[in-house]
Amino acid sequence: MKLLIATKNPGKVREMRELLAPEAARGLEVVTLADFPPVPEPVEDAATFVENARIKALAYADALGVMCIADDSGISVEPLGGRPGVRSARYAGENASDEDNNALLLFELSTVAKPWPAAYFCAAVAAVPGRVIAEGNGRICGRITTNRAGAGGFGYDPYFIVEGRVETMAELSPEEKNRISHRGQAMRALVRILREQGALG
Ligand code: IMP
């Protein structure tokens with residue numbers, strides 16, 4: 001059995017590979033987009049994480065003829081009315097870097113009274129050509145800090161303090177982040193369903 005991690009985000013590839021390690025140890029062949037000729041990127045224009053994840057998983061499964069997993073994820077900041085949300089990757093513009101997005105987030109919060117509650121959301125979806133076969137969701141709550149800390153993770157992690165802890169998400173070990181994160185939760189739920197379906201061999 002072969003499973004393609006359908007994302008160009010290197011942080012997501014790293015975390016999803018780690019989360020799929022037990023399946024790989026059981027014989028699942030985990031591959032990435034780097035193992036295939038380039039295909040056009042699907043347009044993620046839906047209003048929800050799960051719809052965007054469905055678009056991506058299905059588009060890559062159809063284009064490459066292989067079972068795919070895609071996630072759509074982002075951070076939702078309460079005093080900003082839930083922004084950036086599904087726009088997290090492109091918050092500061094189409095080709096925005098993590099630094100650009102973080103700078104815009106802190107700028108937008110600069111006139112807003114603290115605390116700044118926030119949550120990461122993730123929907124992970126698996127598809128084979130023609131149809132979606134499983135979905136999993138995850139969420140982790142916390143708050144935004146202006147004190148950047150940590151070199152792990154990616155994206156908004158250096159500015160996100162997990163609820164009940166003092167560290168930012170970027171200060172957690174990769175294992176600890178995957179144990180508690182939105183992506184870890186969503187991927188474990190997804191893998192459980194795929195296993196029950198016998199889709200992982
Ligand atoms: P997309 O799902 O590819 O549209 O983009 C998700 C975006 O949300 C990423 O580019 C990050 O900016 C942010 N994001 C999602 N998950 C995480 C995470 O685990 N840590 C930090 N940022 C994240």
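Buried here means under 20% relative accessible area, and by that cut-off 50% of the 201 residues of the protein count as buried. What you are looking at is a predicted model.

**View 1. The whole protein, six helices and six strands**. Let's start with the overall layout. Going along from the N terminus, the elements run β-α-α-β-α-β-α-β-β-β-α-α. The radius of gyration is 17 Å, close to the 17 Å that the globule rule gives for 201 residues, so the protein is as compact as a globular protein of that length. Lay the C-alpha trace along its principal axes and it spans about 50 × 30 × 25 Å. How much of the contact network joins residues at least 24 apart, among contacts between residues at least 6 apart in sequence? The figure is 61%. As for the outside, the accessible surface comes to about 9,500 Å², and carbon and sulfur atoms account for 52% of that.

**View 2. Leu 4, a residue of strand β1**. The strand itself covers residues 2-5. Is Leu 4 buried or exposed? Leu 4 has a relative accessible area of 0%, which is under 20%, so it counts as buried. Take a look at what surrounds this side of the chain. Not counting residues up to four places away in sequence, Leu 4 touches Val 31, Thr 32, Leu 33 and Phe 36, and also Leu 64, Val 66, Met 67, Cys 68 and Ile 69. Val 30 is worth finding too: it sits 26 residues from Leu 4 in sequence, yet the two are 6.0 Å apart in space, C-alpha to C-alpha.

**View 3. The largest pocket, with about 820 Å³ of space**. Of the 36 residues that line this pocket, the closest to its centre are Asn 9, Lys 12, Glu 44, Ala 89 and Arg 90. Several elements give two or more residues to the lining: α1 (10-19), α3 (49-64), β3 (68-77), α4 (98-109) and α6 (182-197). Which one gives the largest share? That is β3, with four residues. Sorted by type, the lining residues come out as 14 charged, 12 nonpolar and 10 polar.

**View 4. Asn 9, in the loop between β1 and α1**. Now zoom in on one of the residues closest to the centre of the largest pocket. Asn 9 has a relative accessible area of 25%, so it falls between the buried and exposed cut-offs of 20% and 50% and counts as partly exposed. Ala 89, another of the residues closest to the pocket centre, is 80 residues from Asn 9 along the chain. In space, the C-alpha atoms of Asn 9 and Ala 89 are separated by 9.7 Å.

**View 5. Pro 84, reached through a cis peptide bond**. The bond in question runs from Arg 83 to Pro 84, and its omega is near -5°. Where along the chain is Pro 84 found? Look in the loop between β3 and α4.

**View 6. Pro 115, in the loop between α4 and β4**. Here the peptide bond from Lys 114 to Pro 115 is cis, with omega near 0°. The strand that follows this loop, β4, covers residues 117-128. With a relative accessible area of 59%, which is over 50%, Pro 115 counts as exposed. To place this residue against another part of the chain, pick out Gly 85: Pro 115 and Gly 85 are 30 residues apart in sequence and 18 Å apart in space, C-alpha to C-alpha.

Note on methods
Residues are numbered from 1 along each chain as its sequence is written. This is a predicted model: local features need pLDDT of at least 70, side-chain atom pairs count only at pLDDT 80 or more; totals for chains, interfaces and linings use all residues. Side-chain values use heavy atoms; hydrogens and water are left out. On a 1 Å grid over the protein atoms alone, a cavity is a set of points where a 1.4 Å probe fits but cannot get out, and a pocket is an open set with protein on both sides within 12 Å along at least five of seven lines; lining residues have an atom within 4 Å of a point. Grid points are joined across faces, edges and corners, and a volume is the space filled by probe spheres set on the points. Ala, Val, Leu, Ile, Met, Phe, Trp, Tyr, Cys and Pro count as nonpolar, Asp, Glu, Lys and Arg as charged, and the others, Gly among them, as polar. The radius of gyration is taken over C-alpha atoms; the globule rule is 2.2 Å times the number of residues to the power 0.38. Buried means under 20% relative accessible area, exposed over 50%, partly exposed in between (1.4 Å probe, protein chains only). Contact means heavy atoms within 4.5 Å. Accessible areas come from the Shrake-Rupley method with a 1.4 Å probe; for residues, only the protein chains shown count as cover.
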